[in-house]
Amino acid sequence: MLFRSLVIAIIAVTMFVGVSAALGQEPLREADVVRIAQERAPAAAVAEAAERLAEAQERTAGLPPNPTIGWERETIETSGQRQAQDMFRINVPINIGGPRTQRSLQAVQSEWSRSMASVTRTNAVVEALHAYFDAALASQRVDVLAQALSNLEEAARIQTQREAAGVVRSEEHTSELQSR
């Protein structure tokens, strides 16, 4: 879903390449598309945040966990009498695996997060480049078809001039083309 929004944004930007050229602005280049995809891809931003979180967790791995303190009051009503009971809790987590195990595990998780962030950024760039090249190909197709139309219009103009001058009659030219 995030990639789709990136692709739509890149396609929209590349559709304006012709408009920007007409307005005297520089059209997007491949390097611009890569830069925009790296800077603005929502999935890449999420992956980067996950990477920073994993790095922070790696730095704090192996430290003793924070204890928690809690107080709770429970009121019980029996035979019309209320009795209150106060409970005070202290929770001190004990790390059975030891700090070295936690650091090793967190280092692996951090490396995995970095790898996934790299893959996500690469995918965003690939999707953006696909959209860019599709738009560039569509633009080239439009140019080729516009040139073909121009050539056909020129051929029709020349044919009309030749017919008006009496050099070639239209039906002779048509039967000549059909016999080939």
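How many helices and strands does the secondary structure of the protein chain come to? I looked this up before anything else, keeping in mind that the model is predicted, and I count six helices and two strands.

**Entry: overall layout**

Reading along the sequence, I find that the protein chain follows the pattern α-α-α-α-β-β-α-α. I then looked up burial, and I note that buried residues make up 18% of the 180 residues in the protein chain. For the surface, I have about 13,700 Å² exposed by the protein chain, with carbon and sulfur atoms supplying 57% of that area. I also checked how contacts are spread over the sequence: among those between residues at least 6 apart, 62% join residues at least 24 apart.

**Entry: helix H4**

I turned next to helix H4, which runs over residues 42-60. Helix H4 has 19 residues, and from its first C-alpha to its last I get a reach of 27 Å, which is close to the 27 Å expected at 1.5 Å a residue. Which residues of H4 are buried? I list Ala43, Ala44, Ala47, Glu51 and Ala54. These residues lie on the same side of H4, because they cover an arc of only 95° around the axis. On the other side of H4, I find that Val46 and Arg59 are exposed. I also looked up Ala49, which lies in helix H4 and is partly exposed, with a relative accessible area of 34%. Just after H4, I note that Gly62 takes a positive phi of about 90°.

**Entry: Ser113 and its surroundings**

Is Ser113 buried or exposed? I find Ser113 in helix H5, which spans residues 99-165, and I record it as buried, because its relative accessible area is 14% and the cut-off for buried is under 20%. Leaving aside its neighbours within four places in sequence, I have Ser113 in contact with Ala50, Glu51 and Ala54; of these contacts, Glu51 and Ala54 also appear among the buried residues of H4. I checked one further pair here, and the C-alpha atoms of Ala49 and Ser113 are separated by 9.7 Å, although the two residues are 64 residues apart along the chain.

**Entry: the nonpolar patch**

Which residues form a nonpolar patch on the surface? I list Ile69, Trp71, Phe88, Ile90 and Val92, which together have about 630 Å² of accessible area. The elements that give two or more residues to the nonpolar patch are strand E1 (68-78) and strand E2 (81-91). I looked at one patch member more carefully: Ile69 is found in strand E1, and at 65% relative accessibility Ile69 counts as exposed.

**Entry: salt bridges**

I searched the whole structure for salt bridges and have twelve of them. As a reminder to myself, side chains of opposite charge can pair when their charged atoms come close.

The pair I looked up to begin with is Glu72 with Arg89, whose closest N and O atoms are 2.6 Å apart. Glu72 lies in strand E1 and Arg89 in strand E2, so this salt bridge ties together parts that are 17 residues apart in sequence. Glu72 counts as partly exposed, at 34% relative accessibility.

In helix H5, I then looked up Arg114, which forms a salt bridge with Glu111, the closest N and O atoms being 3.0 Å apart. Arg114 and Glu111 are separated by about one helical turn, because they are three residues apart in helix H5. I record Arg114 as partly exposed, with a relative accessible area of 25%, and Glu111 as partly exposed too, with 42%.

Which residues are linked in a network of salt bridges? I find Arg29, Asp32, Arg35 and Glu39 linked in this way. Within that network I checked Arg29 with Asp32, for which the closest N and O atoms are 3.7 Å apart. Arg29 is partly exposed, with a relative accessible area of 49%, whereas Asp32 counts as buried at 14% relative accessibility.

How values were computed. Residues are numbered from 1 along each chain as its sequence is written. This is a predicted model: local features need pLDDT of at least 70, side-chain atom pairs count only at pLDDT 80 or more; totals for chains, interfaces and linings use all residues. Side-chain values use heavy atoms; hydrogens and water are left out. Helices (H or I, at least four residues) and strands (E, at least two) are DSSP runs, numbered from the N terminus. Buried means under 20% relative accessible area, exposed over 50%, partly exposed in between (1.4 Å probe, protein chains only). Contact means heavy atoms within 4.5 Å. Patches are made of residues with over 30% relative accessible area and no salt bridge: like charges are joined within 9 Å, nonpolar side chains (Val, Leu, Ile, Met, Phe, Trp, Tyr) within 5 Å. Accessible areas come from the Shrake-Rupley method with a 1.4 Å probe; for residues, only the protein chains shown count as cover. A salt bridge is a side-chain nitrogen of Lys or Arg within 4 Å of a carboxyl oxygen of Asp or Glu. The expected span of a helix is 1.5 Å times one less than its number of residues. The arc is that of the directions from the helix axis to the C-beta atoms.
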